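Opened the notebook to go through one chain, from overall counts down to single side chains. Jotting things down as I look them up.

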Amino acid sequence: MLRLALILRRNLPRLAGLATIPLIRAVFLLARMLGTDRASAAGGRLAQLVGPFLPSHRTAMANLRAAYPKEDERRLRAIALEAWDNLGRTGAEYAHLDTIFDYDPENLATQRMEVRGLEQFFAIRDDGRPGLIFSAHLANWELPAICAEKFGLETTAVFRPPNNPAAAQLVQEVRRKTMGGLAASGPGAVFAMQGVVERGGHLGQLIDQHFTRGVVVQFFGRPVLANPLLGKLARHHDCPVHGARVVRKEGGRFLLELTPPLDLPRGPDGLIEVQGAMQAMTRVVEGWVREHPGQWLWMHRRWRPHMLPKGTPTESILPRASHPSPSR
């Protein structure tokens with residue numbers, strides 16, 4: 001009996017997750033029936049109602065205070081609510097990812113998608129070279145990978161599966177239908193990702209989350225740990241690095257933008273510096289977040305000073321005056 005109890009205790013979270021598969025699929029079906037706009041709005045309202053009562057709301061508020069130390073609490077709470085709205089909308093929109101990207105350059109007025117930097121897509125698609133694309137958890141962050149697939153840019157997207165097995169299974173099904181190659185982060189994944197670039201392919205990754213074995217970069221004037229993978233690949237292959245972001249617009253519309261290749265810092269040996277490359281990418285992401293703070297995933301514990309290498313200053317390295325208020 002003791003052994004049985006231990007087995008159940010170890011597997012109870014997974015069993016509970018599997019038990020939610022019918023429920024999650026039912027919610028997914030309901031979102032399909034509601035249509036894109038109503039499902040997105042309902043998801044946003046639900047997240048705004050429930051989110052502030054969850055532990056991750058405290059994380060979001062702590063992050064906002066760290067990023068905007070001079071901003072008043074009322075404005076920070078408003079940004080947090082906007083972030084919950086965006087997260088709820090993004091979750092509901094998973095049911096419509098196969099149709100939400102309807103870009104048509106011949107009929108722009110009726111389309112949800114506005115694509116800026118389209119010439120960059122075509123350039124990296126046709127240059128015969130490997131390439132790297134970084135993005136962040138802004139607006140609906142699944143859309144850049146869908147855009148790449150739509151425009152024939154062969155790209156492998158690096159993703160972290162959701163902890164809930166039911167959600168992970170459903171998200172994986174949706175991604176396989178709408179995106180190109182997929183690479184789940186985890187042990188051994190680095191070799192698979194490196195193989196993509198060595199074969200002349202393109203690799204896309206979200207770079208705005210904590211990575212325990214990362215390099216130290218500054219984000220909102222404070223040190224954080226960033227995954228160095230793209231910096232290492234850029235150094236080894238000397239390939240172009242672009243940024244891709246999504247902006248949520250009024251009326252259920254989106255702007256998708258691909259930046260020109262970044263001019264990354266190089267060392268005395270002429271090779272790209274890994275830490276400098278990740279800092280350059282993080283600086284672009286910070287600019288995106290400052291422009292639309294309510295569309296970023298503030299619920300993630302981005303600042304973890306206790307996990308920084310010894311000797312790393314944990315306080316802001318920038319003067320207070322250099323922290324502009326979030327855009328309204």
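**Entry 1: the whole chain.** I started with contact range. Of the contacts in the protein chain with a separation of 6 or more, 78% are between residues 24 or more positions apart. Note to self: this is a predicted model. I then pulled the secondary structure and got 12 helices and 9 strands. Buried residues come to 50% of the 328 in the chain. For the surface I have about 16800 Å² exposed, with carbon and sulfur atoms supplying 57% of it.

**Entry 2: a greasy spot.** I went looking for nonpolar side chains on the outside. L46, L49, V50 and L54 turned up as a nonpolar surface patch, and their accessible area together is about 370 Å². I checked L46 on its own: L46 sits in helix α3, residues 36–50. L46 has a relative accessible area of 53%, and the cut-off for exposed is over 50%, so L46 counts as exposed.

**Entry 3: N63.** Is N63 buried or exposed? I found a relative accessible area of 5%, so N63 is buried. N63 belongs to helix α4, which covers residues 55–67. Next I asked what N63 touches, not counting residues up to four places away in sequence. The list reads W298, H300, R301, R302 and W303. W298 also shows up at the polar end: its backbone oxygen lies 2.7 Å from a polar atom of the N63 side chain.

**Entry 4: salt bridges.** A reminder before the list: side chains of opposite charge can pair when their charged atoms come close. I ran the search over the whole structure and it returned 12 salt bridges. I wrote up a few of them.

- R65 pairs with E73, and the closest N and O atoms are 2.8 Å apart. R65 is partly exposed at 39% relative accessible area, and E73 is partly exposed too, at 31%.
- R116 and E114 meet through their side chains at 3.5 Å, N to O. I get 39% relative accessible area for R116, hence partly exposed. E114 comes out at 35%, again partly exposed.
- R245 and E291 form a salt bridge at 3.0 Å, N to O. This pair links distant parts of the chain, 46 residues apart: R245 is in strand β8 (residues 241–248) and E291 is in helix α12 (residues 274–291).

I looked at burial for that last pair as well. R245 has a relative accessible area of 8%, and under 20% means buried, so R245 is buried. E291, at 40% relative accessibility, is partly exposed. Which residues make up the network that R245 and E291 belong to? Salt bridges with shared partners join R245, E257 and E291 into one network.

**Entry 5: P309.** Last stop was the segment after α12, where I found P309. P309 is partly exposed, with 41% relative accessible area. I asked which residues P309 is in contact with, leaving aside neighbours within four places in sequence. The answer is V216 and L225. I also took a C-alpha distance: P309 and G214 are 95 residues apart along the chain, and their C-alpha atoms are separated by 10.0 Å.

**Entry 6: pairs to reopen.** I bookmarked N63 with the W298 backbone oxygen, at 2.7 Å. I also bookmarked the network of R245, E257 and E291.

Technical notes: Residues numbered from 1 in each chain as written. Predicted model: local features only at pLDDT ≥ 70, side-chain atom pairs only at ≥ 80, totals over all residues. Heavy atoms only, no water. Patch = residues over 30% accessible without salt bridge, like charges linked within 9 Å, V, L, I, M, F, W, Y side chains within 5 Å. Areas by Shrake-Rupley, 256 points an atom, 1.4 Å probe, with all protein chains shown as cover. Salt bridge = Lys/Arg side-chain N within 4 Å of Asp/Glu carboxyl O. Helix = DSSP H or I, 4+ residues; strand = E, 2+ residues; numbered from the N terminus. Buried < 20%, exposed > 50% of the residue type's maximum accessible area, 1.4 Å probe, protein only. Contact = heavy atoms within 4.5 Å. Polar contact = N/O pair within 3.5 Å; in protein donor to acceptor, adjacent residues only side chain to side chain.
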